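Work through the following exercises with the sequence and the model side by side. Each one sets a task and then solves it step by step.

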Amino acid sequence: MGDSSRPCTVWLGSETGILKGVSVSRRQALNFCHSSQLSRQHEVRTLCWADAAESELLVGGVDGTVKTFSVEKGTFTDVRQCGDPSDGSFVGLATLDGGAALVTCLGGGVLRVWRDESGEPAAEIRVGNDIARMRQNPEHRHKVATGGKENCLKVWDLEKPDKPVFTARNLRNDWLNLRQPHWVMDMAFIPGSDKVVTCTGYHQVHVYDPSTPQRRPVLEATYGEYPLTTLSLPAAGGSVVVGNTHGQIAVLDLRKGLVRGCFKGLSGGVRGLQCHASQPVVASCGLDRFLRIHSLEDRRLQHKVYLKSRLNCLLLASRPLEEAGDDCLEVKEEDDEVWDAMEQVEEGEENPKRKMSEETSVEQENSKNGILKEGENFINEITDGQEEKTPESEEREPPKKQKRRKKAKA
């Protein structure tokens, strides 16, 4: 299995507990799962890399287990119980110190740091209720952000876990002076700055700047009419890609808050979205069971793979999706044994049913032709029977009519 898992550059988790690997260059999709674990009780909720070399994957399940998958071997090598299902499912995974520590966050609001193989966490933080997502800062890996329903954005420093480094404030009241609801669905740290961009369940995109005294958003934008579920930042910067529950994906400008363009072809809610670290492409997955890879330059669909299960999350490798060294998967020829086992039908033999159908069709055609000929003869007889008016025919008229005509002429 190691030879088949190494070329995979896209990894996805499904509702049925299957880890799926897709090799874009070989046009091949593989399933990595034990047959006994194909159920919603082992649903995959989140994925992350276990090390910088991307040789291992961490798979967070809905049952509170974190499995380690070896990309080199193509098998699961370790399983750890890092949460109680009563506290909710995983909303985020991260690693610290080159994979020496594991950070988990549950939907119930419990963030834990695991530093050894023991069953007890090294640190535990209560981040609030109804957490929808936890994200790690890729530049400062000891910082994470959390947010959820009626739980504003918070930035935590795991080296000083006593209180959050930044806590956002809710939006100002609306024009009726009513409080606006808040529901953070996803967030991401903008590279090269302290800013954090979030998307909400009320189709809003907000940008926060913890380096300033202002705790409200420095940029507010909206897209569509449906809840935004996920977002990702392109490598070029200056924009954000968001997806919603109705299968709509768009690119928004982070400077003006305007929509740059939209992606087409999706038919289900978007659950996973990630831009490649070096290439101008974005991968998405969701309820329609498709993995789609779009270009960020012309927004065209480059790859589309049907994976048979509803998908929750995806993870891209940092190396190019289509490597030049990989050969495309050749189409296998069909086995000749199947054709040899089939009975041969000689050309001289004909099916009697086919003969009957052909004879009846010929008779029907002949009868139609005969009816047409009879109709033509009947029409000719009628036309032949009609005589044109000539001077001779006028003489045959009754004498009274002849007298009237002579008087009229006189």
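**Exercise 1. Find the bridge partner of His 206 in E19, and then describe how E18 is placed among its neighbours.**

Solution. In this predicted model, the residue of E19 that serves as bridge partner to His 206 is Glu 220. Widening the view to the two strands, E18 and E19 are joined by 4 bridges and run antiparallel. A further 4 bridges join E18 to E17, and this pair also runs antiparallel; here Val 197 has Val 207 of E18 as its bridge partner. Between E17 and E18 the hairpin has 3 residues, and in that hairpin His 203 takes a positive phi near 45°.

The next step is to ask how far E18 is covered. With buried taken as under 20% relative accessible area, 5 of the 5 residues of E18 are buried. In a regular strand, side chains alternate between the two faces of the sheet. For E18, one side carries Gln 204, His 206 and Tyr 208 while the other carries Val 205 and Val 207, and these residues are all buried, so that both faces are covered.

**Exercise 2. Determine which strands supply the largest nonpolar core, and which residues Val 240 touches within its surroundings.**

Solution. Begin with the core itself, which has 18 residues and in which Val 197, Val 205, Val 240, Val 242 and Leu 252 have the most contacts. At least two core residues come from each of the strands E16 (184-189), E17 (196-200), E18 (204-208), E19 (219-222), E20 (228-232), E21 (239-244) and E22 (249-253). In soluble globular proteins, nonpolar side chains tend to be buried together.

Now take Val 240 as an example. Setting aside residues up to four places away in sequence, Val 240 touches Val 197 and Val 205, and further Leu 231, Ser 232, Leu 233, Pro 234, Ala 250, Val 251, Leu 252 and Leu 254.

For a contrast at the surface, look at Trp 175, Leu 176 and Leu 178, which form a nonpolar patch with about 420 Å² of accessible area together. Leu 176 lies in the loop between strand E15 (166-167) and E16.

**Exercise 3. Identify the salt-bridge partners of Asp 186, and decide for each residue whether it is buried or partly exposed.**

Solution. One partner is Arg 133, whose closest approach to Asp 186, N to O, is 3.4 Å. The two residues are 53 apart along the chain, Asp 186 being in strand E16 and Arg 133 in strand E12 (residues 131-136), so this salt bridge links distant parts of the chain. Another partner is Arg 135, with an N to O distance of 2.9 Å; Arg 135 is likewise in strand E12, 51 residues from Asp 186.

As for burial, Asp 186 has 0% relative accessibility and therefore counts as buried. Arg 133 is buried as well, whereas Arg 135, with a relative accessible area of 29%, is partly exposed.

A useful comparison is the salt bridge of Asp 288 with Arg 292, whose closest N and O atoms are 2.4 Å apart. Asp 288 counts as buried at 13% relative accessibility, and Arg 292 counts as buried at 3%. The structure holds 14 salt bridges, and a network of them links Glu 15, Arg 40, Arg 271 and Arg 310.

**Exercise 4. Explain why E28 is described as largely enclosed, and then examine the surroundings of Thr 104.**

Solution. Strand E28 spans residues 311-316, and 6 of its 6 residues are buried, so the strand is largely enclosed by the rest of the structure. Strand E1 (residues 10-14) is joined to E28 by 5 bridges, and the two run antiparallel; within this pairing, Leu 12 stands opposite Leu 314.

Turning to Thr 104, this residue is found in strand E9 (residues 101-106) and is buried, with a relative accessible area of 0%. Leaving aside neighbours within four places in sequence, the contacts of Thr 104 include Val 66, Cys 82, Phe 90, Leu 93 and Trp 114. Val 66 is 38 residues away along the chain, and its C-alpha atom is separated from that of Thr 104 by 9.2 Å.

Notes. Residues numbered from 1 in each chain as written. Predicted model: local features only at pLDDT ≥ 70, side-chain atom pairs only at ≥ 80, totals over all residues. Heavy atoms only, no water. Core = buried A, V, L, I, M, F, W, Y, C linked by side-chain atoms within 4.5 Å. Buried < 20%, exposed > 50% of the residue type's maximum accessible area, 1.4 Å probe, protein only. Contact = heavy atoms within 4.5 Å. Patch = residues over 30% accessible without salt bridge, like charges linked within 9 Å, V, L, I, M, F, W, Y side chains within 5 Å. Areas by Shrake-Rupley, 256 points an atom, 1.4 Å probe, with all protein chains shown as cover. Salt bridge = Lys/Arg side-chain N within 4 Å of Asp/Glu carboxyl O. Pairing = 2+ DSSP bridges.
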